[in-house]
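Trainee: Got a minute? I'd like to go through this one with you.
Mentor: Sure, pull it up.
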Amino acid sequence: MAEMNMAQAINQALDLALAADDAVIVFGEDVGTTGGVFRVTDGLQETYGAERVIDAPVAESGIVGAALGMAIAGLKPVAEIQFLGFAYPAYDQIVSHVGRIRNRSNHRFTAPMVIRIPFGGGIGAAEHHSESAEAMLAHTPGVKVVVPSTPIDAKGLLLAAIEDPDPVIFLEPIRMYRALKQEVPDEHYTLPIGVAQTVREGVHASIVTYGSMVRASQRAADLLAEEGVSVEIVDLRTISPLDEDAIVATVRRTGRLVAVTEGHRTGNMASEIAAIAQEKALYSLLAPVERVTGWDTVVPLKRTEAHYVPGPERIAAAVRRTLGT
Amino acid sequence: MEPVRILSPDGSLVGDAPFDLEEARRLFAAMVTGRTYDHKATAMQKQGRLATYAPFEGQEACQIGSVAALRPDDWLVGTYRDAAAMWFQGYPWQNLFLGRMGDERGGEAPAGVNVTPPSITVGGHMIHAVGLGWAERLQGRDRVALTLFGDGATSEGDFHEAMNFAGVYATPTIFLCQNNGFAISMPRDRQTAAEHLADKAIGYGMPGIQVDGNDLMAIYSVTRDAVARARTGEGPTFIEALTFRIGPHTTTDDAGRYREDGEVEEWRTRDPIDRVRAYLRLNDAWDEAWEQETADAAGDEIEAAVAAAEALEPFGPTAMFDRMYAEPTSAMDRQRGMLRRDG
Ligand SMILES: Cc1ncc(C[n+]2csc(CCOP(=O)(O)OP(=O)(O)O)c2C)c(N)n1
């Protein structure tokens with residue numbers, strides 16, 4: 001056990017995977033010499049060499065496309081895209097090829113690969129550095145999309161992603177890289193992809209969310225606790241495939257649902273969560289489902305970003321509305 | 001391939017000066033103003049007054065020399081590292097500061113200034129310069145478009161598409177690659193196996209020229225020729241300017257992780273501003289008093305821009321909804337209301 005933040009936990013997971021399996025390689029812009037712009041791959045090239053921890057040219061489509069070729073030929077690439085806002089040049093590869101190769105070849109060729117991508121706002125960065133377009137990825141057939149919210153989850157989910165027989169897009173909330181430390185077990189362990197976790201139990205209302213919004217929701221729940229409102233929080237941890245059972249179960253328990261994401265409002269993960277609740281648990285609902293989201297705007301720059309990214313106040317207001325208070 | 005050079009590091013001419021001493025003094029002053037901005041922005045970032053900043057120290061000749069060859073109504077399409085070029089083509093320093101403060105008004109070029117906001121994504125913008133110049137020609141005008149980008153940008157697929165379109169349609173586009181040695185931590189030779197970036201032009205059917213990027217006169221002269229070709233319908237040109245990024249990639253980068261201090265010191269001896277100063281001195285067109293005057297004027301100009309940018313009242317929280325469409329859509333109106341209601 002060692003106390004570590006999410007960046008360190010991911011580093012440790014990569015280290016373990018590289019050590020355990022020669023087929024695993026790390027591939028991306030600046031991942032080697034500098035250890036990545038967030039230092040997540042720090043030290044790995046020194047340990048495993050430039051043939052396994054590979055610095056790539058500035059070419060996202062190339063990184064993902066080459067990783068797919070490598071995966072088909074027997075490697076297990078863990079590709080990195082520097083920010084989600086720079087992944088768009090790679091979308092064609094993800095949508096047209098990575099997510100389709102198994103289907104296209106009727107299982108003959110597969111893509112056991114991971115694409116790690118830092119994402120999300122809250123750090124006042126330049127344009128394109130705060131994107132939360134994960135719904136576009138969850139909308140893509142043939143890939144799984146995992147979003148950890150804590151160091152412990154990040155390590156176990158990343159190791160599971162690397163061992164998964166299908167392509168996994170692993171979204172790392174930038175704001176959480178160094179925001180939280182936990183005692184992380186040193187050894188190898190995995191956490192199941194597609195399984196949500198109840199991270200706070202409550203009786204009056206449920207918040208279903210993921211990534212950095214888990215922490216914002218915890219804060220909202222703290223505010224509400226002072227008002228005597230007890231909130232349950234479900235951390236999805238995987239947004240494709242969604243753990244429908246967990247969503248339905250929490251709605252059945254509390255009767256009120258607030259779905260939270262920082263993605264743009266139209267067609268986002270909260271919309272999907274709300275749809276599941278009405279399909280499977282309509283008669284348990286005591287109030288309309290609330291969605292707390294980013295807006296249908298470009299993520300604003302530093303000066304107004306705080307008004308875009310959902311915070312505890314906005315989340316708490318939505319919970320209160322479900323309670324009619 | 002021998003890079004085009006006119007001015008040696010010691011200030012002596014090895015070719016014909018493309019402009020007179022008065023113009024040399026004007027461009028020297030412009031480079032000094034650019035560097036003053038660069039240092040100020042780096043300092044302000046350290047004080048928490050600016051978000052991450054990408055310094056361009058060492059690249060002043062590329063930026064001022066190339067833009068000096070443009071007409072005031074020509075297009076400039078650059079990146080996060082091209083503030084000096086943008087300013088020289090008419091973009092106010094105040095807006096450059098605002099952008100780095102995280103204020104969208106920084107992206108607004110004044111009316112009549114044909115400079116696009118800096119591209120933050122690597123490689124996506126060169127094709128816009130192709131479309132801009134092409135549209136000028138289709139509309140019977142003779143404006144050209146200059147696009148600036150780094151060595152790393154040539155690895156992006158969009159670079160290929162931009163170069164290819166420009167070649168196929170013979171658009172009035174000048175591609176100026178500032179090969180500053182690194183793309184974040186990646187040295188140029190890990191970016192492409194080509195011996196020279198300029199060689200890439202061959203594959204697109206356009207001339208490719210390598211130039212000493214710290215030589216103001218050489219940059220000016222090759223850009224001027226490329227602009228003339230573009231304006232008269234002879235098509236695009238690719239220019240590779242050999243230069244060096246003296247500072248880190250950005251203020252959050254630790255350049256010590258991937259390059260030697262010695263390399264930086266070596267490049268400092270080829271400083272583009274020192275070189276023009278040496279030339280002016282050799283030609284009795286420089287004295288201490290004028291240098292001081294130039295530095296003071298640059299300092300005043302930059303300080304005034306900072307003051308103006310910082311004095312601007314920040315946007316209200318809901319302004320983001322008014323920037324998205326000509327008329328806010330119903331969704332914008334609803335969401336503005338939700339933000340007002342819940343914060
Ligand atoms: C599409 C895209 N991918 C990655 C990045 C992250 N990034 C920012 S600058 C940079 C290096 C660019 O190098 P180069 O084109 O040589 O220009 P320089 O920064 O040296 O001026 C990278 C990889 C980005 N901004 N956009």
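Mentor: Let's talk about how the two chains meet, then about domains. Keep in mind that this is a predicted model.

Trainee: OK. How many residues does each chain bring to the contact?
Mentor: Chain B gives 42 residues. Chain A gives 37 residues.

Trainee: And how much area do chain B and chain A bury between them?
Mentor: About 3,200 Å². Of that, 58% lies on carbon and sulfur atoms.

Trainee: Why quote an area at all?
Mentor: Interface size is often given that way, as the accessible area lost when the parts come together.

Trainee: How many salt bridges are there between chain B and chain A?
Mentor: Three. One salt bridge joins the side chains of Asp342(B) and Arg321(A), at 2.8 Å from N to O.

Trainee: What about polar contacts across the interface?
Mentor: Eleven residue pairs are in polar contact there, counting pairs with both residues at pLDDT 80 or more.

Trainee: Which helices of chain B supply at least two residues to the side that touches chain A?
Mentor: Helix H4 (93-101) and helix H11 (330-342) of chain B. H11(B) supplies the largest share, seven residues.

Trainee: What classes of residue are on that side of chain B?
Mentor: The side of chain B that touches chain A has 21 nonpolar, ten polar and eleven charged residues.

Trainee: New topic. Which domains is chain B divided into?
Mentor: Domain 1 covers 21-312, and domain 2 covers 317-343.

Trainee: What separates the centres of domain 1 and domain 2 of chain B?
Mentor: 36 Å, taken over C-alpha atoms.

Technical notes: Residues are numbered from 1 along each chain as its sequence is written. Chains are lettered from A and ligands numbered from 1 in the order in which they are written. This is a predicted model: local features need pLDDT of at least 70, side-chain atom pairs count only at pLDDT 80 or more; totals for chains, interfaces and linings use all residues. Side-chain values use heavy atoms; hydrogens and water are left out. Contact means heavy atoms within 4.5 Å. Buried area is the accessible area (1.4 Å probe) that two parts lose on being put together, summed over both. A salt bridge is a side-chain nitrogen of Lys or Arg within 4 Å of a carboxyl oxygen of Asp or Glu. A polar contact is a pair of N or O atoms within 3.5 Å; within protein, one must be able to donate a hydrogen and the other to accept it, and residues adjacent in sequence count only if both atoms are side-chain atoms. Helices (H or I, at least four residues) and strands (E, at least two) are DSSP runs, numbered from the N terminus. Ala, Val, Leu, Ile, Met, Phe, Trp, Tyr, Cys and Pro count as nonpolar, Asp, Glu, Lys and Arg as charged, and the others, Gly among them, as polar. Domain bounds come from an automatic or database domain assignment.
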